[in-house]
Each structure stands twice: as C-alpha cells, then as structure tokens.
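Let's take a look at this one together, starting with a sheet and then turning to some helices.

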Amino acid sequence: MPGPGRPGGLLAVHAHPDDETLATGALLATWAAAGLPVTLVTCTRGERGEVIGDALAHLEGDGPALAAHRETELAGALAALGVADHVFLDALTGARYEDSGMAWADEGRRAVAAPEAVAAGTALAAQPLDDLAAPLAALVVDRAPSVVVTYEPGGGYGHPDHVRAHDVTSRALELAARAGHRVPVVLWAAQGRRRARAARAALRRLVGPGDALTPPADDDVFASVVVDDERVAVEVDTRPVRDTVLDALRAHATQVQHVAAVDDEPALVGRYGLSLGLAEPVLPVEQYRLAPGSSPGGLAGVAWPAGVRPVA
C-alpha cells in the first residue's frame, strides 16, 4: 500500500504514460508482485503524442482530450502491473506540466529523437530544473525508496521529456541527500548490446510479408538505451510477469499496437509496435545500468525480490 517510510520500496520516474511499461514494466510488475511498495511518478500526460488507429484518431492534436484519455490508459496499465501508488509530477506543485513534443533526428528510424519547438510555457522541458526537482525530492524523502529508476542521460532515445525526467530525478536525489536523506541505489533503464542485436535478428525472422508490422533494419543503429554488456548491473526475469507486461502494453492503445506473446524464441518473449509500425521486442530479461554515485557494493544492501538480480 502507498505510504511513507516502508522498507524495500521502488520509485520510478517516467516522462509520459506508457513509458513505465515500455522501459520498466517487468521491474515494476516483479516488485509489486513481491508485495513491496512501488511508486510511479509520471511527469506529463503525453498531450503531444501520436495516436494509433482510426477509432481514437480524433484525439491527436487535441491536447486536453488526449491527456484525459491517456490518464485512463495509464490507470489500466498500472492496474495490470499491480502498481497502486501513482503521482503526476505536477500534482505535487499545483502547476501543469505538458508534453514537450519531439521530432525524429534520423529520418524515422526511431533510434534518435530531438526537440521540436516546445509548447507554451507549460512544456516540461521549459520548466526551471529546481521547480521540478524540489517537489520530487520531497516525495523521495517521504517514500524513502531503496531503489530509484529512470532513464539514462540520453533519455533512452533522446526525447526531450525523457532527458528532462533524467535530469529532474538526478537533481531531486541531490536535494534529498542535502536534506540528510540516505541516497538510494539509482538504476537507469538499459539494454545490453548482445540481447538487443539478438532480439532484432529474431524479429527479422518472425516478421514476414503480410505482417502488420515492419521488421527492424539490418544495421547497428541503436538508441542510447543500448549499452555494452559489461555496463549492465541488474537484470529482471521478464518471463514470470510476461503476460502482465503485455496486458499493460495493451492498455496503452493510443500508443502501442499489435501486442503479442512470442514462444519458442530465446531472444524474445513478446513483440509489439509503436506509431511508426516497426516491430519492437519484449526481451526475456529487462536490464539496468548503475548510475554514477551508486556503487556495486550498494546493490548488496537491497533486498531484491525474486526475479531481480544484480550482475555487477
């Protein structure tokens, strides 16, 4: 149940609804299934996101309507994951923080995103860093998590709101430490290069002519979430919670399409597509880097639930 000071907690900070499942779904589901406290902070409501499908196409470009709809999608995903403690960042301040928007910097290959002209002053990326970080620091002190998870400095693939969420989380932890709060273990979502390449090759084998999705290109262009294997510090076994994660992905119907389980393929346990229609993998192991300042020795001090294991 939500509440301050319970031991063994996990706090995740994400930019938009759907990111919690796409980047950290197995970790959240595994932690919650163990009966340990999980808090999710979502920084915006994804007002400027693209919308998949004709049935919901009228929401695209209508920021308030899309925001309201994505709130319901997020609620459905969190119910599937078993996460009860959720906070929108702006609820901590009484302000309103909105999706900053993005553009593809690599001709739609979905490896590198870049800022576009941000929305009015409510855009997350336009807010002063400490205005965002101070209330998050207060929440960190209140929840006292053992582990905090967010994106690496590149935001996973460069989205300005992901980058901002990383910066806000890092600054919030600095502020919490100055207030005397014990610094938790900090993890950044990652994919080891070996697993990323194997998953891409598996998708090329599985996604054939007539498939609703397009297979990934046969090249080595990866988003910044992909790192050398030796940088991976923590792994989560996705398989016990695979169906939970897939149900959470399905809840985000404006953003995720063609979600399906994959069996008898060592490199994958599922697949899905985003708005570009490219096949994306659900990996059998979800991986994380250790942020600078969190020592490998600190991993030993965490009571990791079954299915989560340090490898550093």
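## The three-stranded sheet

In this predicted model, three strands line up in the order E10-E11-E12 to make an open sheet, and their pairing is antiparallel. The edge places go to E10 (257-261) and E12 (279-282); each has a single partner strand, so one side of each has no neighbour in the sheet. Going from one strand to the next, the twist averages 20°.

Now zoom in on E10 and E11. Strand E11 covers residues 270-273, runs antiparallel to E10 and is joined to E10 by three bridges. Looking for a pair to spot? Gln 257 has Gly 273 of E11 as its bridge partner.

## A helix across the sheet

Helix H5, made of residues 193-206, lies across E11 and E12. Against E12, H5 runs at about 125°.

## Two helices packed together

How do you describe a pair of packed helices? By the angle between their axes and the distance between those axes. For H3 (residues 129-143) and H4 (residues 160-178), the angle is about 55° and the axes are 7 Å apart. H3 and H4 are therefore oblique to each other, and their crossing is right-handed.

Which residues make the contact? From H3 they include Leu 129, Leu 132, Leu 136 and Val 140, while H4 brings, among others, Arg 164, Val 168, Ala 172 and Leu 175. Sorted by type, the residues of this contact between H3 and H4 come out as 13 nonpolar, one polar and four charged.

Conventions: Residues numbered from 1 in each chain as written. Predicted model: local features only at pLDDT ≥ 70, side-chain atom pairs only at ≥ 80, totals over all residues. Heavy atoms only, no water. Pairing = 2+ DSSP bridges. Helix = DSSP H or I, 4+ residues; strand = E, 2+ residues; numbered from the N terminus. Axes fitted to C-alpha atoms, helices over the stretch in contact; angles between N-to-C directions. Contact = heavy atoms within 4.5 Å. Parallel < 35°, antiparallel > 145°, perpendicular 65-115°, else oblique. Left-handed = near helix turned anticlockwise from the far one by under 90°. Nonpolar A, V, L, I, M, F, W, Y, C, P; charged D, E, K, R; others polar.
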